[in-house]
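Hi everyone, thanks for coming. Today I'd like to walk you through one protein model, going slowly enough that nobody gets lost. Have a look at it first, and then we'll start.

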Amino acid sequence: CFLFSELIQYTHRRPGITHVKDFERRLADIGYSIGIRLLEYISWKEKSVKRETDFQRMLHFISNDIWKMLFGKIATPEKSKQIAERYMITEDEPLINKFISVPKDMAGLSCGAFLGGIVEGILDASEFSAKVATHSVTFDNQKFPKTYIVIDLNKEVLERESLQ
């Protein structure tokens, strides 16, 4: 938690970070490189882990195994009912939002962008190219916002999935 807090402070002090979107993009970029390295580490550590070629199993791997390794609990994977290429990972109370004080000049900042970057890095390293966006929604009875990681698969991945 302290390391992530320092990462937030470091990113906030960087030149060129003037808007919330810039800040979130930078957090996602950092998360992206961590996601690639995390998948490499798990592949090296767990010699029995094979490369997933099915997106559903990969989504399950991320929301269960990766989340449990990083946060000690699992996230909820979902498929969009309206858009065929859209999937989501839902986190009710992300650990990274609990211990972060958002700077006053960055109201509305979602540190969940870091998680979205990790997911995008893992997916790209696994050859499931996708556009990943993160949204935080606060409900009346929740102290911390619920985080949605929205995954829009590229057309090539959808075509490959339909062939399997």
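Let's begin with a term we need straight away: a residue is called buried under 20% relative accessible area, exposed over 50%, and partly exposed in between. Take D92 as a try-out: its relative accessible area is 42%, so D92 is partly exposed. Please keep in mind that what you see is a predicted model.

D92 also has a partner. Which side chain does D92 meet in a salt bridge? The partner is K146, with 3.4 Å from N to O. Where do the two sit? K146 belongs to strand β4, residues 146-153, while D92 is in the loop between β2 and α4, so this salt bridge ties together parts that are 54 residues apart in sequence. And K146, unlike what we just saw for D92, falls in the buried class, because its relative accessible area is 18%.

How many salt bridges does a search of the whole structure find? Five. I'll show you two others besides the one we just did.

Next up is E91 with K73. Their closest N and O atoms are 2.9 Å apart. This pair, too, links distant parts of the chain: E91 is in strand β2, residues 86-91, and K73 is in the loop between α3 and β1, 18 residues away. Is E91 buried or exposed? E91 has a relative accessibility of 5%, so it counts as buried. K73 comes out at 31%, and therefore as partly exposed.

The third salt bridge joins E24 and K21, at 3.8 Å from N to O. Here the partners are in one helix: E24 and K21 are three residues apart in α2, residues 20-45, so about one helical turn separates them. With 13% relative accessibility, E24 counts as buried. K21, on the other hand, has 62% and is therefore exposed.

Now let's move from residue pairs to pairs of helices. Two packed helices are described by the angle between their axes and the distance between the axes. We'll use both numbers.

Start with α2 and α5. Their axes come within 6 Å and cross at roughly 40°. That angle makes α2 oblique to α5. As for handedness, the crossing is right-handed. Who takes part? From α2, the residues in contact include E24, which you met a minute ago, along with L27, I30 and L38. On the α5 side, they include F114, I118 and I122. By class, this contact has 13 nonpolar, four polar and four charged residues.

The other pair is α3, residues 55-71, with α5, residues 112-125. How do their axes cross, and at what angle? They come within 11 Å and cross at roughly 130°. Therefore α3 and α5 are oblique to each other. This crossing is right-handed. The contact is made by F55, M58, I62, I66, W67 and F71 from α3, and by L115, V119, I122 and L123 from α5. Sorted by class, that gives ten nonpolar, no polar and no charged residues.

If you follow the chain on from α5, you come to the loop between α5 and β3, and two residues there are worth a stop. One is S126, which is found in that loop. S126 has 5% relative accessibility, so it is buried. Which residues is S126 in contact with, leaving aside its neighbours within four places in sequence? They are L39, R51 and M58. You have heard M58 already, as one of the α3 residues that contact α5.

The other is E127, in the loop between α5 and β3 as well. Before I give you its backbone angle, a bit of background: most residues other than glycine have a negative phi. The phi of E127 is near 65°, a positive value in a residue other than glycine. E127 is partly exposed, because its relative accessible area is 49%.

One last stop, back in helix α2, where D29 has its place. With 35% relative accessibility, D29 counts as partly exposed. Try picking out D29 and N141 in the model: they are 112 residues apart along the chain, and their C-alpha atoms are separated by 32 Å.

That's my tour. Thanks for listening, and I'm happy to take questions!

Methods
Residues numbered from 1 in each chain as written. Predicted model: local features only at pLDDT ≥ 70, side-chain atom pairs only at ≥ 80, totals over all residues. Heavy atoms only, no water. Axes fitted to C-alpha atoms, helices over the stretch in contact; angles between N-to-C directions. Helix = DSSP H or I, 4+ residues; strand = E, 2+ residues; numbered from the N terminus. Parallel < 35°, antiparallel > 145°, perpendicular 65-115°, else oblique. Left-handed = near helix turned anticlockwise from the far one by under 90°. Contact = heavy atoms within 4.5 Å. Nonpolar A, V, L, I, M, F, W, Y, C, P; charged D, E, K, R; others polar. Salt bridge = Lys/Arg side-chain N within 4 Å of Asp/Glu carboxyl O. Buried < 20%, exposed > 50% of the residue type's maximum accessible area, 1.4 Å probe, protein only.
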